[in-house]
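Me: Could I get a close look at one part of this model, chain A, told as one connected story? I'd like to hear about the backbone oddities, the ligand and the contact with the partner chain.

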Amino acid sequence: MIDMLSNLPDEVDVLVVGMGPGGSGAAKRCAELGLRVIGVEKRAEIGAPKRCGEAISRHGMTERIGIEPKGPWIVQEVHGAIVYAPNGTSIKVDYDGPEGWVVERKVFDKHLASLAAEAGARVIAKTEASGFRRENGRVKVTLKSGNESKEVTSKIIIAADGVESKVAREMGINTFNKLPDICAGVQYEMAGIKHTGNMIEFFFGNDTAPGGYIWIFPKGRGVANVGIGIRKPWAKKTALEYLDDFVQSRPELKDASIIEVNSGGVPVGGFLTDAVDDNLIVVGDAAHHVNPIHGGGIPEAYMAGRLAAETASEALKARDFSKGFLKRYDKAWNDQRGTRLKKILKLREVIETMSDDDLNWLAEYLKGDDLVEFSRGGSGLVKLGKILMKKPRLIKLARKLL
Amino acid sequence: MIKVDTDKCLRCGGCVGVCPVSALELTEHGIKCSGRCTSCKSCVNFCPVGALSIKDD
Ligand SMILES: Cc1cc2nc3c(=O)[nH]c(=O)nc-3n(C[C@H](O)[C@H](O)[C@H](O)COP(=O)(O)OP(=O)(O)OC[C@H]3O[C@@H](n4cnc5c(N)ncnc54)[C@H](O)[C@@H]3O)c2cc1C
Ligand code: SF4
Ligand code: SF4
């Protein structure tokens, strides 16, 4: 293999660690703004293995990621959703055209990384960054690829290293997740399912998926991602055991084939309000930038990466890489996205304390549009509060929302 | 210390994100646990596929 590391510059403006959506968003924007940027990914293949249900909403795709949903990475248009309460009552959200897409993440993540490379970023797979040391206002980092290693000095590190989030921890921010703040996820990609259609499905219930939900996201031709996210302390077994029980209970899945198995953690406990330190900006899963209701984090990570790049560019102009200066990234995130996500978190905190009976009762009052509002953090809070006021036992909860 | 069942582990790195003392690392060869581990069981309780347990020694 060519020695990729020796061809790298010794000094850069920004080193992006991790080339998932967050890293690619950051690297692309840095390059567009004229910064000298390297993006390293420790895995041999960007995007693989996936740790994801692969669904992205229209708003996420076109606004937060900001790309046209066209290309070989789109595998299925999503025309709506069906949400099942614990007793099977369903609520349907229907659209005339695509309001989201299921992507092939292995292809999609590589596409995002290629866009960064095209813009002028240097991207290197199978290269791990470690040993971060601050020296004379810069950061020295060791890059390792196989037997090769190289020291690189960078003014700013953008930590996009996902749920492991070791970079931030090495550089002074404790990003670890307490158990109720992280969903344990596991997923089968299944084939040979009779009807997959173009609706995404969600199943709720404290016996089905405590502290989370089960999803079926269609990928066309009888293929679908069938996955689960659950949380302790509500969960009594492993995520895999809950998922197996579900699959066994569904006639359409029981005899289908499993073509891939994935697992992962989804940091749903709310984003870090301090996601910067001297020479450091943290983005994406590493900073818990995830929608706390549905756990989607691809668009959030990409957007955070872009905002981080913009702050890095301003810092370079001002020659100030201090925490005090980089703080403007926290503010930008909060203004453009965080306020919304905080509302969504509040809503989830109310829903997660409800019993299955309460959820069944609630499902009778909700329409599809309400659920869309909930997941977007729109006017849903007040609406839900008003419904809960109808049931004396839930009035205390309702007050939290009103 | 913890023990990793390498037949079960899917190398997702989720457990790394729940360790309060940064004792875990996801390497090319799977999950490695350092001597810093306090046997708090956070990772054991988290693992989606039940690949972790506490090693008594
Ligand atoms: C089961 C499951 C289902 C999900 N379903 C969806 C969904 O349907 N829709 C959605 O929007 N989101 C979903 N998510 C969430 C989504 O996958 C993440 O939010 C998203 O991938 C976060 O992007 P990121 O760039 O922050 O991190 P990641 O995509 O995790 O990328 C981080 C990268 O950093 C690399 N890395 C780590 N340390 C180093 C290092 N030291 N040096 C070099 N590289 C390093 C890692 O190898 C990794 O590739 C799901 C998550 C799970 C677990
Ligand atoms: S959480 Fe479980 S499956 Fe994932 S890397 Fe850790 S031990 Fe392996
Ligand atoms: S038992 Fe606790 S301290 Fe030990 S590796 Fe697991 S989470 Fe870390």
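Reply: A quick bit of vocabulary to start: helices and strands here are DSSP runs, at least four residues (H or I) for a helix and at least two (E) for a strand, and both are numbered from the N terminus. Also keep in mind that this is a predicted model.

Let's begin with the backbone. Most residues other than glycine have a negative phi, and most peptide bonds are trans. Against that background, three spots in chain A deserve a look. The peptide bond from A:Ala48 to A:Pro49 is cis, its omega sitting near -10 degrees. You'll find A:Pro49 in the loop that links strand 2 (37-40) to strand 3 (55-57). Going from A:Lys232 to A:Pro233, the peptide bond is again cis, with omega near 10 degrees, and A:Pro233 belongs to the loop between strand 15 (223-230) and helix 5. The third spot is A:Arg221, a non-glycine residue with a positive phi, near 50 degrees. A:Arg221 is in the loop joining strand 14 and strand 15.

Now for ligand 1. It has 34 residues around it, and those that come nearest are A:Gly22, A:Glu41, A:Gly53, A:Arg105 and A:Asp285. By type, the shell splits into 13 nonpolar, 12 polar and nine charged residues. Some polar approaches are worth clicking on. A:Asp285 puts a polar side-chain atom 2.7 Å from an oxygen atom of ligand 1. With A:Ala129 the backbone is involved, one of its N or O atoms being 3.0 Å from a nitrogen atom of the ligand. A:Arg51 also uses a polar backbone atom, 3.3 Å from a ligand oxygen. On its own, ligand 1 would expose 1000 Å², and the protein buries 94% of that. Helix 1 (21-32), strand 9 (128-135), strand 14 (213-220), strand 16 and helix 7 (298-318) of chain A each give two or more residues to this shell.

Stay on helix 1 for a second. Side chains of opposite charge can pair when their charged atoms come close. A:Lys28 and A:Glu32 form a salt bridge, with 2.8 Å between the closest N and O atoms. These two residues are four apart in helix 1, so about one helical turn separates them. Over all chains, the structure holds 34 salt bridges.

That leaves the side of chain A facing its partner. The size of an interface is often given as the accessible area lost when the parts come together. Chain A and chain B bury about 1800 Å² between them, and carbon and sulfur atoms give 58% of it. A:Lys166, A:Arg169 and A:Leu179 supply 25% of what chain A buries there, more than any other three residues. The contact draws 26 residues from chain A and 21 residues from chain B.

One salt bridge is found across this interface: A:Lys126 meets B:Glu28, N to O, at 3.4 Å. There are also 10 residue pairs in polar contact. Helix 4 (166-170), strand 12 (182-191), helix 5 (239-249) and strand 16 (257-267) of chain A each bring at least two residues to the side touching chain B. That side is made up of 10 nonpolar, eight polar and eight charged residues. Strand 16, then, shows up both in the ligand shell and on the face that touches chain B.

Methods: Residues are numbered from 1 along each chain as its sequence is written. Chains are lettered from A and ligands numbered from 1 in the order in which they are written. This is a predicted model: local features need pLDDT of at least 70, side-chain atom pairs count only at pLDDT 80 or more; totals for chains, interfaces and linings use all residues. Side-chain values use heavy atoms; hydrogens and water are left out. Contact means heavy atoms within 4.5 Å. Buried area is the accessible area (1.4 Å probe) that two parts lose on being put together, summed over both. A salt bridge is a side-chain nitrogen of Lys or Arg within 4 Å of a carboxyl oxygen of Asp or Glu. A polar contact is a pair of N or O atoms within 3.5 Å; within protein, one must be able to donate a hydrogen and the other to accept it, and residues adjacent in sequence count only if both atoms are side-chain atoms. Ala, Val, Leu, Ile, Met, Phe, Trp, Tyr, Cys and Pro count as nonpolar, Asp, Glu, Lys and Arg as charged, and the others, Gly among them, as polar. A residue is near a molecule or strand if one of its heavy atoms lies within 4 Å of it. Accessible areas come from the Shrake-Rupley method with a 1.4 Å probe; for residues, only the protein chains shown count as cover.
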